[in-house]
Amino acid sequence: MDQIILKEALDRCVEITRKNLDRFRGQFPNAFSENNIYKAIENNHWTNGFYTGILWLCYEYTGEEIFKEVALENVVSFKERLDQEIELETHDLGFLYSLSCVASYKITGDEMSKETALRAADLLIGRYREKGGFIQAWGALDAEDNYRLIIDCLLNLPLLYWASEVTGDKHYYDIAYTHAKTALKYVIREDHSTFHTYFFDKKTGAPSHGATCQGYNDTSAWARGQAWGIYGTVLSYLVTKDEKFAEDFFKVKDYFISNLPEDFVPYWDLIFKEGDEPRDSSASAIAICGLLEMKKHLVEEKQIQELNRDAKQLMQALIENYSASSEDETTGLLYHATYSKKTPYNTCTPEGVDECVIWGDYFYMEALMRMWRKDWKMYW
């Protein structure tokens, strides 16, 4: 894309983040906005790592020490979260600690960041269930009604791949690889749409059934889940070199792209192609990151050009019609996302519908950085 357009978009992201540093200093933006304004919350939610990731992106883009300073303050908060055992019964330890502490270690070499991230990795492997071969998503371990994985966890696995790399302990890698194989075997349907969540029998580990929590219903394709599938397959492929993951990438990517509406930004569930249902711009941002990463690992020119085309179309739509201006009354970077929309057929809590969501802001800025700086090293 035109470098001027990318620079202008990144500059807007930085300006909005800079303008709101004091608002969130010592705290974090909530997962979703209300009237496009994020409330400040304590470090007790699964989404807090995304804000720290935005700060690191701002620092790498501008070189301004203030972003590094606040990001390192956040890293201390993540250490304290572990020390105090605050809301850690989740597979989302990867979301929390990859974008905060692993990023900090990669950028600054800070040893405390490294040790904190390794502690989080140890907690994450503690959620691995031998019966079934997966990392349990939520709640009390081995609970009958929660013996399941969700597609989102593919983005938590890089914490384990990284831990294996820096410690030389293959146990982290083996668990991540096994989970990825289990998840992709069962969440991808025959038509290449995906389940949000998949249950296993607690006693035997046998596969039971796919379902949704946040999608429209159990047979539809939740847009963000499909996007997690796009990026998640790449993140396991680049480490394991398992060609099955590359095949799965193209399956879930093609389904996502072929079910977009005319403006290339999905409705919150891919079952919708038109009408007044809310969009989920965050799904596009996640998908772009996956497309751009996969492109680096391909040799076939036709495939590379295909991913370039798809990524540019998605990014152009976000920049032109969904991105926030630094003059807007907002604390977010990307409009028209959906956290979870309640239907008669799902089990989610309705919140953050047609709002900014903090992960959407992060992945939007990561995607911009990938296009702006081809040698940018990801935090995952």
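Student: Which residue caps the N-terminal end of H10?

Tutor: Asp242 does: one of its side-chain oxygens lies 2.9 Å from the backbone nitrogen of Lys244. This is a predicted model, in which local features need pLDDT of at least 70 and side-chain atom pairs count only at pLDDT 80 or more, while totals for chains, interfaces and linings use all residues. Residues are numbered from 1 along each chain as its sequence is written, and side-chain values use heavy atoms, with hydrogens and water left out.

Student: What counts as a polar contact, and what as a helix?

Tutor: A polar contact is a pair of N or O atoms within 3.5 Å; within protein, one must be able to donate a hydrogen and the other to accept it, and residues adjacent in sequence count only if both atoms are side-chain atoms. Helices (H or I, at least four residues) are DSSP runs, numbered from the N terminus, as are strands (E, at least two). Asp242 sits in the loop between helix H9 (223-240) and helix H10 (243-258).

Student: Is Asp242 buried or exposed?

Tutor: Buried means under 20% relative accessible area, exposed over 50%, and partly exposed in between (1.4 Å probe, protein chains only). Asp242 has 16%, so it is buried. Contact means heavy atoms within 4.5 Å. Beyond its neighbours within four places in sequence, Asp242 is in contact with Tyr177, Lys181 and Tyr237.

Student: What length should H10 have?

Tutor: The expected span is 1.5 Å times one less than the number of residues. For the 16 residues of H10 that gives 22 Å, and the end C-alpha atoms are 23 Å apart, which agrees. Among the buried residues of H10 are Phe245, Phe249 and Lys253. The cover over the buried residues includes helix H8 (170-187), H9, helix H11 (281-295) and helix H12 (301-321).

Student: How many salt bridges are there?

Tutor: A salt bridge is a side-chain nitrogen of Lys or Arg within 4 Å of a carboxyl oxygen of Asp or Glu. By this rule the count is 21. One of them joins Arg18 and Glu15 at 2.7 Å, N to O; both residues lie in helix H1 (residues 3-19), three residues apart, about one turn of the helix.

Student: Which parts does the bridge between Glu293 and Arg370 tie together?

Tutor: The closest N and O atoms of Glu293 and Arg370 are 2.8 Å apart. Glu293 lies in helix H11 and Arg370 in helix H13 (residues 358-372), so the pair ties together parts 77 residues apart in sequence. Both residues are buried.
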